[in-house]
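Me: I would like to go through this model by question and answer. Please keep each reply short and end on the value or name asked for.

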Amino acid sequence: MKFLRIILFPVVPIYYLITWFRNWLYDKGIKSSKSYDIPVICVGNLSTGGTGKTPMIEYLIRLLKDKKSVATLSRGYKRITEGYEIADQGTTADTIGDEPYQFYRKFKDIKVAVDGNRQNGIAQLLKLEDKPEVILLDDAYQHRKVKAGFNILLTAYYNLYSNDIVLPTGNLREPKSGAKRADVIVVTKCPADISESEKSKISKDLKIKPNQKLVFSSINYAEKVISSHSEIALQSLSEFTLVTGIANAKPLVEFLKNKGLKFDHLEFPDHYSFRINDIEELAKKELIITTEKDFVRLTDNESLESKLFYLPIEITIDRKDVFDDAIKSFVDY
């Protein structure tokens with residue numbers, strides 16, 4: 001794969017020009033974006049994934065849901081359905097995608113919808129009798145047919161967009177200049193002890209504009225794992241199998257190793273659709289620990305019910321008051 005990316009380097013300028021020109025058309029109003037009367041918050045990135053969009057959406061849900069009617073709208077990556085779908089009692093990870101299904105399972109007091117056409121998805125949500133007061137767009141930074149009122153751009157600490165180039169050799173979906181559309185830039189997955197001098201250096205590297213806010217976030221792993229029926233303290237675990245189907249499992253692996261835990265790691269591609277033979281092999285394991293996103297894809301298999309647990313995560317944001325106040329001010333909280 002790395003070799004293929006290298007030999008495709010001549011395509012990089014072509015991809016750059018196409019995506020830059022597309023953005024220019026939107027910036028100049030030649031291609032139109034639709035705005036909305038209700039607050040629409042977009043969470044996205046410039047890169048191809050692994051920046052922590054799901055924990056950020058969950059953070060925003062927790063921040064707003066007690067005083068505002070909240071809806072999330074995602075594409076529904078790798079779902080078996082098409083068009084607009086809103087989660088209900090018959091919903092599964094297959095019908096709306098793993099991450100939206102995770103939102104639906106955790107937050108029963110919000111609406112969770114999917115639609116590849118974000119304009120249509122918003123239109124359908126606004127037709128509801130109890131229509132939402134705030135819409136959170138998941139992974140929609142490049143969906144410029146919708147003009148979000150507030151853009152949150154995520155970039156991972158270990159892979160800043162300032163150090164990357166566009167596809168196919170790099171990982172950027174669009175040129176770095178696209179960062180200018182962000183109201184807040186969040187450097188995610190930072191070490192808990194990141195220094196002020198390093199934050200200052202990153203701010204310069206990212207070329208933060210005067211109108212933009214920059215905050216840093218870290219992942220907090222729980223001290224227990226959870227199944228559909230019970231909980232186990234991490235430190236009481238003996239040996240287990242770690243199963244991941246996420247973009248970057250390295251931080252999770254390092255966390256578990258630093259805890260002194262013994263495990264073997266089965267690593268699958270991001271958003272992996274587990275097949276029958278995968279389930280059969282996993283059923284032979286004594287104990288399986290996975291991510292919450294993988295858990296919602298695996299939890300309906302009876303053969304895994306007694307041995308499948310996930311490790312919850314949340315994010316901590318430095319300058320939390322600055323970030324929260326910016327969001328609350330936008331939605332008139």
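Reply: Helices and strands here are DSSP runs, at least four residues for a helix and at least two for a strand, numbered from the N terminus. The model is a predicted one.

Me: In the loop between which two strands is the place of proline 168?
Reply: The peptide bond from leucine 167 to proline 168 is cis, with omega near 5°. The loop that holds proline 168 runs between E6 and E7.

Me: Is serine 162 buried or exposed?
Reply: Serine 162 lies in the loop between strand E6 (150-156) and strand E7 (184-188). Buried means under 20% relative accessible area. Serine 162 has 16% relative accessibility, so it counts as buried.

Me: Which residues does serine 162 touch, not counting residues up to four places away in sequence?
Reply: Contact means heavy atoms within 4.5 Å. With residues up to four places away in sequence left out, serine 162 touches Lys176, Asp205 and Leu206.

Me: In what sense do E6 and E7 pair, and over how many bridges?
Reply: One pair of residues across these strands is threonine 155, which stands opposite valine 187 in E7. The pairing of E6 with E7 is parallel, over five bridges.

Me: In what order do the nine strands of the open sheet come?
Reply: The pairing in this sheet is mixed. The order is E3-E4-E2-E5-E1-E6-E7-E8-E15.

Me: Which are the edge strands?
Reply: An edge strand of this sheet pairs on one side only. That applies to strand E3 (85-86) and strand E15 (313-317).

Me: How many of the residues of strand E2 are buried?
Reply: Val70, Thr72 and Ser74 point one way from E2, while Ala71 and Leu73 point the other way. Residues on both sides are buried. For strand E2 (residues 70-74), the count is five of five.

Me: Which residue is the bridge partner of leucine 73 in E4?
Reply: E2 pairs with strand E5 (residues 134-138) in the parallel sense over four bridges, and there leucine 73 stands opposite leucine 137. E2 also pairs with strand E4 (residues 111-114), again parallel and over four bridges. In E4, the partner of leucine 73 is alanine 113.

Me: At about what angle to E1 does helix H3 run?
Reply: Helix H3 (residues 53-64) lies across strand E1 (40-45), E2, E5, E6, E7 and E15. Relative to E1, helix H3 runs at about 160°.

Me: How many disulfides does the structure hold?
Reply: Cysteine 42 counts as buried because its relative accessibility is 1%. Cysteine 190 is also buried, with a relative accessible area of 6%. A disulfide would need a pair of cysteine sulfur atoms within 2.5 Å. The number of disulfides in the structure is zero.

Me: What is the phi of lysine 207?
Reply: Lysine 207 lies in the loop between helix H7 (196-206) and strand E8 (213-221). With a relative accessible area of 64%, lysine 207 is exposed. Its phi is positive, in a residue other than glycine, and is near 55°.

Me: Is aspartate 332 buried or exposed?
Reply: The place of aspartate 332 is in the segment after helix H11 (320-331). Phi of aspartate 332 is near 55°, a positive value in a residue other than glycine. Exposed means over 50% relative accessible area. The relative accessible area of aspartate 332 is 62%, so this residue is exposed.

Technical notes
Residues are numbered from 1 along each chain as its sequence is written. This is a predicted model: local features need pLDDT of at least 70, side-chain atom pairs count only at pLDDT 80 or more; totals for chains, interfaces and linings use all residues. Side-chain values use heavy atoms; hydrogens and water are left out. Buried means under 20% relative accessible area, exposed over 50%, partly exposed in between (1.4 Å probe, protein chains only). Two strands pair if DSSP finds at least two bridges between them. Axes are lines fitted to C-alpha atoms, for helices over the stretch in contact, and angles run from 0 to 180 degrees between N-to-C directions.
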